[in-house]
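These are my notebook entries on what I looked up in this structure. They are arranged by topic, in the order in which I took them up.

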Amino acid sequence: MSSATLKGPATPVAGPAPKPRPPTKRSGAVGRQTAAAWILTLPFAVLFLAFTAGPVLGSLGMSFTDLKQRDLRTPFAVNGVGFDNYVKALSDETFRKAAFNTAYFVVIGVPLTLIMALAAAVLLDKGVKKFQSLFRVGYYLPVVTSIVAVAVIWRFVLAPDSGLLNTVLGWVGIDGPNWLASKTWAMPSLIMMAVWRNFGSAMIIFLAGLQGILHTVEEAGQLDGASAWQRFRYLIVPLLRPTILFTSVTTGIGYLQFFEEPFVMTQGGPLNSTISVSMYTYQQFGFGNYSLAASMSYILFVVIAVMTFIQFRLLREK
Amino acid sequence: MRRWWIYLIAVVGLIAVAAPFLWMLLGSFKTDGELLRVPPTWLPEAPTSGNYSELFGKANFPRYFLNSTLVALVVTAGNLTFCSMLGYALAKLNFKGKNPLFILVLGTLMVPGMVTFVPLFVLVTNAGLANSYPGLILPFLVSPFGVFLMRQFFAGLPDDLMDAARVDGTSELGIFGRIMLPLTRPALATLGILTFLGSWNNFLWPLVIAQTEDKYTLPVALALYSTGQNAQHYGLLMAGAVVVVVPVLVIFLAFQRHVTKGIAITGLK
């Protein structure tokens, strides 16, 4: 992520890159700084190499081998198989189904989440002056809640007969489906749950963005006779562009990794109708197909990188 | 009240968001029979604390609670220490390889968790750390996100402070530890809370690494309860969910200013 994403109007602390320091006169000063930098960097570097950067490369290497569960004790004594795992993954029907589901989740889920987040942010920024922090905290609560607890709650919300959702739908005469057991409704259920759980984090960023927009801009629009919707559409949205870019990229990255909701709610079912790429990768890991799982995770990584690049291209100021 | 309908929308939204939580809390005081009733009840008819006494009596939850707390505290301490150290070096010190290092750290922010998952599992298992506290903790002691947050914050502090301290003969590490670090308290608070919450809610890694009950964290225990032989014991599950969520809510409510500010600063979850 480049620092360009931080140019949003409301980054009170995120300053520009530090200016190059003027050269210090004493000859030992630079050496002392270098020594200090080494001491400060080393612990992080060791842990980072061992547990983040190393595994990232390890995964890449692994994806070109035939490593399986039984080889776990001798992970280096395996054979290279070229792109076999990638071919296998891409020609696997379930993997394609998982890719389709992930795309479904992203294409529907990201815009819904952002619209909800923006609506909530505008509501709080413009309309609700009293108790604003109460609403802000309330809307943000699901973000900080464990997915496992969320799953326990939502299993009851989505339950066919005694469920909260179908009870509410019943008040207006709608006979709700058996959400999670239906091939058609399982994905929408998970999307609903994900939007409920995640819109708060984008909302906070939008709120910060809105507070960075000068109110004089809006007042000028008001004087020119623009309606509330026109002011929103032609003044606020364009000014929020960097913030929208940021939230769509981060939400998109998160949603492409769609995993927790199917993992705790459906295990990918019914009949693979909610299986995602991450979920399927994890299943292959569970079966001991380590190298195949690694190649799948790398396919996902490439897709995320490409999508992020495209979003940057599309949403950058024209 | 002016523009009452805006408040109406806001309140309806709040109810929609909060209703599932409220239902969980109320449900934890109901019996299994009442939880299954159609149509469902809101208030427990005969409130019982039976679910909680069972949870803490039979179900070993105090142990899981301690595990979660221990792991989250150590992970948080590690992140605060190591991320602030590197964040300072990247923002305020000149050294060779600084920019490639920063790009490498930022680059990994985009890598999906699944990519590191398998090799990390192979590594930790081969190092004999499966089912151990180090195995639960070590992979999370540092985070690219933490470095990013701390670097941004340090970059906003004036260099003059450092120069003044250098003139006074303070060592480079002294400048970091005694002058600059205390000024980043808001950023440390943000990082600390976000890291604690993240670790407390972390699920997948502890699920595969903790193999015996004495190493379970709360989410792992709750997940296994909700799929195992207790799957039909709804009251117990609700009470378990409350025990997982309430500490987080208390911490979040106490420090929510820092959390929301930190999110707004960095734009990251």
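**Salt bridges.** I began with charged pairs in this predicted model. Counting over all chains, I arrived at six salt bridges. One that I looked up joins B:Lys92 to B:Asp159, with the closest N and O atoms 2.6 Å apart. I then asked which parts of the chain this pair links. B:Lys92 belongs to helix H4 (residues 61-92) of chain B, while B:Asp159 sits in the loop between helix H8 (144-155) and helix H9 (160-167) of chain B. The two residues are 67 residues apart, and the pair links distant parts of the chain. As a general note, side chains of opposite charge can pair when their charged atoms come close.

**Between the chains.** I next asked how many salt bridges are counted between chain B and chain A. The count there is zero. I therefore turned to contacts and area for this pair of chains, where a contact means heavy atoms within 4.5 Å. I noted 105 residues of chain B in contact with 93 residues of chain A. Together the two chains bury about 8900 Å², and 77% of this lies on carbon and sulfur atoms. On the chain B side, the residues that lose the most area to chain A are B:Tyr7, B:Met110 and B:Met114. These three together account for 8% of what that side buries.

**Confidence.** For the model as a whole I recorded an ipTM of 0.86 and a pTM of 0.85. Chain B has a mean pLDDT of 87, with 97% of its residues at 70 or more. For chain A the mean pLDDT is 84, and 90% of its residues reach 70 or more. I marked residues 1-15 of chain A, over which the pLDDT is below 50. This stretch nevertheless has 29 contacts in the model beyond near neighbours in sequence. I also asked where in chain A confidence is lowest and where it is highest. It is lowest in helix H8 (residues 215-223) of chain A, at a mean of 80, and highest in helix H3 (residues 93-127) of chain A, at 93.

**Elements and extent.** In chain A I found 13 helices and zero strands. Its C-alpha trace spans about 80 × 75 × 35 Å along the principal axes. Chain B has 14 helices and, again, zero strands. Taken along the principal axes, the C-alpha atoms of chain B fill a box of roughly 75 × 65 × 30 Å.

**A helix pair in chain A.** I examined helix H4 (residues 132-140) of chain A and helix H7 (residues 186-212) of chain A, whose axes come within 8 Å and cross at roughly 140°. From H4(A), the contact is made by A:Arg136, A:Tyr139 and A:Tyr140. From H7(A), A:Phe199, A:Gly200, A:Ser201, A:Met203, A:Ile204 and A:Leu207 take part. I sorted the residues of this contact into six nonpolar, two polar and one charged.

**Annotated spans of chain A.** I then consulted the UniProt record, an unreviewed entry, which lists residues 99-311 of chain A as "domain: ABC transmembrane type-1". In the model this span is 75% helix and 0% strand, and its end C-alpha atoms lie 19 Å apart. The unreviewed entry also gives the annotation "transmembrane region" to several stretches of chain A, including residues 137-157 and 235-256. I looked up both of these in the model. Residues 137-157 of chain A are 71% helix and 0% strand, with end C-alpha atoms 22 Å apart. Residues 235-256 of chain A are 95% helix and 0% strand, and there the end C-alpha atoms are 31 Å apart.

Notes
Residues are numbered from 1 along each chain as its sequence is written. Chains are lettered from A and ligands numbered from 1 in the order in which they are written. Side-chain values use heavy atoms; hydrogens and water are left out. pLDDT is the predictor's confidence in each residue, from 0 to 100. Helices (H or I, at least four residues) and strands (E, at least two) are DSSP runs, numbered from the N terminus. Axes are lines fitted to C-alpha atoms, for helices over the stretch in contact, and angles run from 0 to 180 degrees between N-to-C directions. Ala, Val, Leu, Ile, Met, Phe, Trp, Tyr, Cys and Pro count as nonpolar, Asp, Glu, Lys and Arg as charged, and the others, Gly among them, as polar. UniProt positions are given in the numbering used here, feature names are shortened, and annotations may be inferred rather than shown by experiment. Buried area is the accessible area (1.4 Å probe) that two parts lose on being put together, summed over both. A salt bridge is a side-chain nitrogen of Lys or Arg within 4 Å of a carboxyl oxygen of Asp or Glu.
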